[in-house]
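Biologist: I'd like to learn how to read a model like this one, feature by feature. Can you walk me through it?

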Amino acid sequence: MECRRLLNFLLPLMLGISGTWLLPISPLELMEFDSRFLAQVLLNVNASVEPCEDFYGYACGNWSANYENTQSYLDMPGYMDYKYNTQLLNALERHSQQGGIYELLWAYYVACRDLEQPALNELLHLLEPQLGLEWPIFRSNHSEQWRNETRFDWLATLAKLRIYGLNGVFIKQDVNVRRENGSHYVLLLAPQPADADPLGEQEVQDLYVAFGLDEPLAKNLTAKLMQLEWRLGNITLQEAEQSTDSLTEWTFAELQQRLPQINWRHYLAELLDADVADSVQLLQVTALNASYLEQLQLILAESSNETICYYLMFKLLYAFNEELPPTGSNETRSTACVLQLRGHMPLAMNYLYEQHYYSERRAATDAALQKLQLKLTKEFERLINENYLQLDALELSYVLEELHSLRLKIGNIPQGLTMSQLMTYYKGLQLQHNDFYGNKLQLLRFYQRLDQQLLTNQPGMWPAHEYYQQDAVVARSSSPVKIFQNAVLLPHGYLQLPLYDARLSDLLQHAQLGFILAHELQHAFDLFHIVYDGRGNYNQTGLAVLQHFANFTSCYTEHNAQQQLLLSESMSDIVGLRLAYASYFNGVPPTDRPPVGNYTQQQLFFINSVQFLCANMQEIAGMSITQDAEHGLHNERVNRNWPHHEQFANAFNCAAGQAMYQADKCRLW
């Protein structure tokens, strides 16, 4: 009962979405602040679970009882996003009449929120003038030939649709950096991915009927479409099986000479603005070869233009379906519209949060975070110099240089960003309160043009380290991330309770956000990033360092056969936990580690380190979510990786034979 009353008292303080942020003025207040924070953490602990058998169930077992809004979130990262989105919406509603960037944001939000019946056909209609065609689905008489049948340019249509976000159909195209020069951007071309989301036969047929076609015609058109899908799937799978993951750089002339099956000049002219197209002199090609393109051309030549256009249309509908606001409660719709804005206009939304929430605590929070990052870096440097991996002098120098050049970017926003700069950045956008579909296409095009502008390799409005342009999916997340430019990006969303506050004690800061930062820091040295030096350039010395990881890899995969991506994440968990633990406890003599209630400081460290992964696992299990491709499910991740810490078993008195006892602990550094 006491715990429940305490939670009712704590929630407005610890989980509240508004209120003035003030630093405590006395040590006593700091102690009280810590006590309240710990009380909330310990409410999530399920003491009936044996920590040495299921540590996740022990540390997070009661989380779902304290965070019950399963319609809005299912885990702590989801809760932090929910809270952050709510804060953004509150700020937007309070300041919607201020003009400038607020007016643009409000126009998109209102148009999204008030959309009565989301309909994909509206987006298709708006695209027709841009594409210079009539979609075959909209012709008035389906017994007559489609008007574009004899003059349909699939390559130009594909390039134009790429401007609105469609990618990975026939050809996958992205902006990438050169291996030997990580600051130079080039266009990357690849075949259609073998793991692309397939069209569903019944779903396609139902959509044809929904567009007004009769059942026999819908069935006939679906059969043609699925035949094309099957043939394309065969050649993409064949190429994937034969691919060597090589990355070749060609000049534009070499591309056209070696892969003449495609008129690349025509494709790039439709894809890029003229000034960008003129600057594309160098391209990267991976797994795209003459055999694939010849088979692609043959398949398309044996399909009618109408079928090809339908194929592009349905792939576009699948992509656009993710861009529509959901039906449901007003709260669900509002949150979804804010989330869309975070993806489409991340800089503006970061500015909104900075102005109305973070600015008042930036000085103190940034100072505390930089101090924490410095301690983690020094501990990592100490580990590297122990030279457990037996690196030679050149390899040691390489790793240390990368470590010392790693930056911590707190909030993805240029320092001193002004309203005037924002309006210059977003110039040309004319968002309307009653035109969701037009707004959507404008922003999709705007983002793609920003991405393509990188190909000019000209300085932007800000230095590269001041603002990192991200994919919309990444920009919508509050989770910290190690980015390619050798920086750890720490978005605003995690820099608040119940995850972090600069007023917390060192133990609590190290245990949770310290672990998160250390995890991302280790990603600079994971199986993918280690071959790129501190400047983002591919480096043979990094390849040599990678060979020293073999003992860790064989140790870990002996009982955990995993894909390389999941292995890198597990590696970052194990190293990150070690760094966070050591950077705190190595500086605190055992005599200065008094217990807190019934818990030792070591136990509290491990309990708190898991809190950002707490989730309603029962609800998640019922949703057929079987695997997170990068990390694994939260409970499996914790129970798999935490026992590799050399002090974990000691902290909870785990013994051989118990599930959380790891006899052979895998060490990297």
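Biologist: Let's start with helix packing. At what angle do α23 and α27 pack, and how far apart are their axes?

Modeller: Keep in mind that this is a predicted model. Helix α23 covers residues 506-522 and helix α27 covers residues 601-610. They pack at an angle of about 30°, with axes 8 Å apart. Angles under 35 degrees count as roughly parallel, so that is how α23 runs relative to α27.

Biologist: And what is the handedness of the crossing of α23 and α27?

Modeller: The two helices cross in the right-handed sense.

Biologist: Which residues make the contact?

Modeller: From α23 you have L507, L508, H510, A511, Q512 and F515. From α27 come Q601, F605, N608 and S609. Sort the contact by class and you get five nonpolar residues, five polar ones and no charged ones.

Biologist: On to sheets. How do I read the one with β5, β6 and β7: what is the order of its strands?

Modeller: Read the order across the sheet, then look for the edges. Here the sheet is open, has three strands in the order β5-β7-β6, and its pairing is mixed. The edge strands are β5 (407-410) and β6 (481-483), each pairing on one side only. From one strand to the next, the twist averages 30°.

Biologist: In which sense do β5 and β7 pair, parallel or antiparallel?

Modeller: Parallel, over four bridges, with β7 spanning residues 487-490. To get your bearings, find R407: its bridge partner in β7 is A487. Then look for helix α18 (residues 362-386), which lies across β5 and β7 and runs at about 155° to β5.

Biologist: There's another sheet too. What is the order of its four strands?

Modeller: It goes β1-β2-β4-β3, again as an open sheet with mixed pairing. At the edges stand β1 (171-177) and β3 (248-251); each has a single partner strand, so one side of each is without a neighbour in the sheet. The twist averages 30° from one strand to the next.

Biologist: How many bridges link β1 with β2, and how many link β2 with β4?

Modeller: β1 and β2 pair in the antiparallel sense over seven bridges, and V175 stands opposite L187 in β2. On the other pairing, β2 (residues 185-191) and β4 (residues 282-285) run parallel over three bridges. There, L188 stands opposite Q284 in β4, while L189 has V285 as its bridge partner.

Biologist: Why is β2 described as largely enclosed by the rest of the structure?

Modeller: Because six of its seven residues are buried.

Biologist: Now the backbone oddities. What should I look for?

Modeller: Most residues other than glycine have a negative phi, and most peptide bonds are trans. That makes exceptions easy to list. F170, in the loop between α8 (154-162) and β1, has a positive phi near 70°. N486, in the loop between β6 and β7, has a positive phi near 50°.

Biologist: Are F170 and N486 buried or exposed?

Modeller: F170 counts as buried, at 0% relative accessibility. N486 is buried as well, with a relative accessible area of 1%.

Biologist: And where is the cis peptide bond?

Modeller: It joins L497 and P498, with omega at about 10°. P498 sits in the loop between β7 and α23.

Biologist: Last topic: residues in loops. How do I read V531: is V531 buried or exposed?

Modeller: Place the residue, check its accessibility, then list its contacts. V531 is in the loop between α23 and α24 (540-547). Its relative accessible area is 8%, so V531 is buried. Leaving aside neighbours within four places in sequence, V531 is in contact with Y398, N537, Y538, N539, G542, L543 and L546. The C-alpha atoms of V531 and T541 are separated by 7.3 Å, and these two residues are ten apart along the chain.

Biologist: With which residues is N616 in contact?

Modeller: Beyond its neighbours within four places in sequence, N616 is in contact with W63, S64, T70 and L74. N616 lies in the loop between α27 and α28 (617-621). At 12% relative accessibility, N616 counts as buried.

How values were computed:
Residues numbered from 1 in each chain as written. Predicted model: local features only at pLDDT ≥ 70, side-chain atom pairs only at ≥ 80, totals over all residues. Heavy atoms only, no water. Axes fitted to C-alpha atoms, helices over the stretch in contact; angles between N-to-C directions. Parallel < 35°, antiparallel > 145°, perpendicular 65-115°, else oblique. Left-handed = near helix turned anticlockwise from the far one by under 90°. Contact = heavy atoms within 4.5 Å. Nonpolar A, V, L, I, M, F, W, Y, C, P; charged D, E, K, R; others polar. Pairing = 2+ DSSP bridges. Buried < 20%, exposed > 50% of the residue type's maximum accessible area, 1.4 Å probe, protein only.
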